[in-house]
Amino acid sequence: VEEHKLWFNPTTGEPAGMDPINIANAYDEMEMMPGVISYWNKALENFDTVDPGVFSGNLFKVLRAYKSENRLADAVHYLEKSIEKLPAEYVLPTTYTLAKFSLVNKVSTKKGKKALKYCRDNYLENRFFTLNDLDELEKM
């Protein structure tokens with residue numbers, strides 16, 4: 001995977017090699033899931049070099065990788081760490097993602113139910129989920 005680019009990091013303004021999300025996306029295209037997971041973890045470790053919108057918008061890819069490697073609990077843990085790092089505007093949709101992933105896959109369900117409660121208690125109309133979506137998850 002090529003790790004160099006000819007532009008500046010949009011977050012820091014510094015010249016940079018390929019950021020971890022773009023490298024992870026290349027591994028995703030090749031369906032090399034251990035590489036996807038590795039570079040998503042690097043993105044989390046070096047979060048200041050990653051655009052939060054790009055991170056949030058591509059989060060499903062690391063979940064797919066963890067799922068394909070049968071590492072569901074690690075995926076939930078990854079989401080928890082992501083929520084700690086993401087700016088406030090991304091917390092509610094990412095918490096919903098944690099609730100849905102946990103409850104649908106029946107893994108770390110206590111954490112999923114806690115995330116679901118957070119979503120209900122802090123609900124704001126958004127493009128990611130509705131109150132009906134929360135109702136459906138509560139039935140699980």
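## A tour from helix H5 to the aromatic cluster

Select Lys 106 to begin: this residue follows helix H5 and has a positive phi, near 55°. The model is predicted, and every value below is computed from it.

**Helix H5.** Step back from Lys 106 and select residues 88–105, the 18 residues of H5. From the first C-alpha to the last, H5 reaches 26 Å, close to the 26 Å expected at 1.5 Å a residue. Colour the helix by burial next. Of its 18 residues, 13 are buried, so H5 is largely enclosed by the rest of the structure.

**The whole chain.** Zoom out and show the cartoon. The protein chain has seven helices and two strands, and along the sequence the pattern reads β-β-α-α-α-α-α-α-α. There are 140 residues, of which 43% are buried. The chain exposes about 8200 Å², with carbon and sulfur atoms supplying 52% of that area. Among contacts with a separation of 6 or more, 50% are between residues 24 or more positions apart.

**The largest nonpolar core.** Which residues have the most contacts inside the largest nonpolar core? Select Trp 40, Phe 55, Leu 59, Val 62, Tyr 78 and Phe 101; the core they belong to has 41 residues. At least two residues of this core come from each of H1 (20–29), H2, H3 (52–68), H4, H5, H6 (109–121) and H7. H5 gives the most, with eight residues.

**Phe 101.** Now centre on Phe 101 and show its surroundings. Leaving out residues up to four places away in sequence, Phe 101 touches Leu 63, Leu 72, Ala 75, Val 76, Leu 79 and Val 107.

**Aromatic pairs.** Hide the aliphatic side chains and keep the rings. How many aromatic pairs does a search of the whole structure find? It finds eight. One of them is Trp 40 with Tyr 78, an edge-to-face pair at 6.3 Å centre to centre and 80° between the planes. Trp 40 lies in H2 (residues 33–45) and Tyr 78 in H4 (residues 72–85), so the pair ties together parts that are 38 residues apart in sequence. Both partners are buried: Trp 40 has 0% relative accessibility, and Tyr 78 has a relative accessible area of 1%.

Move on to Phe 47 and Phe 55. Their ring centres are 5.1 Å apart and their planes stand at 80°, so this pair is edge-to-face. Phe 47 counts as buried at 11% relative accessibility, and Phe 55 is buried at 0%. To see these rings together, select Trp 40, Phe 47, Phe 55, Tyr 66 and Tyr 78, which form one aromatic cluster.

**Tyr 39 and Lys 42.** Select Tyr 39 and Lys 42. The charged end of Lys 42 sits over the ring of Tyr 39, 4.4 Å from the ring centre.

**Leu 134.** For the last stop, go to H7 (residues 131–138) and select Leu 134. Is Leu 134 buried or exposed? With a relative accessible area of 0%, Leu 134 is buried. Beyond residues up to four places away in sequence, Leu 134 touches Tyr 96, Leu 116, Cys 119, Arg 120, Tyr 123 and Phe 129. Add Lys 100 to the selection and draw a C-alpha to C-alpha distance to Leu 134: the two are 8.8 Å apart in space and 34 residues apart in sequence. Lys 100 falls within residues 88–105, the range of H5, which returns the tour to its starting helix.

Conventions
Residues are numbered from 1 along each chain as its sequence is written. This is a predicted model: local features need pLDDT of at least 70, side-chain atom pairs count only at pLDDT 80 or more; totals for chains, interfaces and linings use all residues. Side-chain values use heavy atoms; hydrogens and water are left out. Helices (H or I, at least four residues) and strands (E, at least two) are DSSP runs, numbered from the N terminus. The expected span of a helix is 1.5 Å times one less than its number of residues. Buried means under 20% relative accessible area, exposed over 50%, partly exposed in between (1.4 Å probe, protein chains only). Rings of Phe, Tyr and Trp (its six-membered ring) pair if their centres lie within 6.5 Å; planes under 30 degrees apart count as stacked, over 60 as edge-to-face and the rest as tilted. A charge sits over a ring if NZ of Lys or CZ of Arg is within 6 Å of the ring centre and within 35 degrees of the ring normal. Contact means heavy atoms within 4.5 Å. Accessible areas come from the Shrake-Rupley method with a 1.4 Å probe; for residues, only the protein chains shown count as cover. A nonpolar core is a set of buried Ala, Val, Leu, Ile, Met, Phe, Trp, Tyr and Cys residues joined through side-chain atoms within 4.5 Å.
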